[in-house]
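Okay, thanks everyone for coming. I'll take a few minutes to walk you through one structure, so have a look at the screen.

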Amino acid sequence: MLAGGCRCGAVRYTLAVETLPAVYCCHCLDCQTWSASAFTEQAPVMDGALAVEGPIVEYSFTNPSGSLSRQFVCRTCHTRIYNVNSARPGLAILRAGTLDASDGIVPRAHIWVGRKQPWIVIPESVPQFAESAPLGELAAILQD
């Protein structure tokens, strides 16, 4: 069982897995703006494996594709914990930086590198995609 939480400690969660989940980094402008950083670290997990406690609020919006994106953040400090999307039922995208053991994360892929900050150097051995990765290809990379 892994655990994590928000910046202020009001929200805590457990993740019913034994090892750190596979992570990819997204360098799109939305993720840069939302994280106020150069990219986000995202871990796809089965939503049933994630148990969250504390004051969570939901922010929802419709993507250009028409899917509904539901973002879950701490009510107190507004740390984004995870999101779900109607286009991917049963899957939650955990913000991997909220894991207590986030220092053990090794990203397996980078997407939207066409928008990455120029000072970021990604090892050549790590798969990179100029924009969004084909879902099947990204899933295969994350399952290795």
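I'll start with the whole chain, then go to a few strands, and finish with a helix.

One thing up front: this is a predicted model. So, what does the protein chain contain? Two helices and ten strands. If you start at the N terminus and read along, the order is β-β-β-α-β-β-β-β-β-β-β-α. The radius of gyration is 15 Å, close to the 15 Å that the globule rule gives for 144 residues, so the protein chain is as compact as a globular protein of that length. If you like boxes, the C-alpha atoms fill one of roughly 40 × 35 × 30 Å along the principal axes.

How much of the chain is buried? Of the 144 residues, 40% count as buried. On the outside, the chain exposes about 8000 Å², and carbon and sulfur atoms supply 54% of that. Now look at the contacts with a separation of 6 or more: residues 24 or more positions apart account for 48% of them.

Okay, on to the strands. Please find β9, residues 91-95. This strand is mostly covered, with four of its five residues buried. Which strands does β9 pair with? One of them is β4, in the antiparallel sense, over five bridges. If you want a landmark there, A43 stands opposite L94 in β9. Another is β8, residues 80-85, which also runs antiparallel to β9 and is joined to β9 by three bridges. Here the landmark is N83, standing opposite I93 in β9.

β8 and β9 form a hairpin, with five residues between them. Have a look at G90 in that turn: its phi is positive, about 85°.

Last stop, helix α2, residues 135-143. Which residues of α2 are buried? They are L138, I141 and L142. Those three cover an arc of only 95° around the axis, which puts them on the same side of α2. Go round to the other side of the helix and you'll find G136 and Q143 exposed.

And what do the buried residues of α2 pack against? That would be β3 (24-26), β4 (40-46) and β10 (109-111). So β4 comes up twice in this talk: the buried residues of α2 pack against β4, and β4 pairs with β9.

That's my tour, happy to go back to any part of it.

Technical notes. Residues numbered from 1 in each chain as written. Predicted model: local features only at pLDDT ≥ 70, side-chain atom pairs only at ≥ 80, totals over all residues. Heavy atoms only, no water. Buried < 20%, exposed > 50% of the residue type's maximum accessible area, 1.4 Å probe, protein only. Arc of directions from axis to C-beta. Contact = heavy atoms within 4.5 Å. Pairing = 2+ DSSP bridges. Rg over C-alpha atoms; globule rule 2.2 N^0.38 Å. Areas by Shrake-Rupley, 256 points an atom, 1.4 Å probe, with all protein chains shown as cover.
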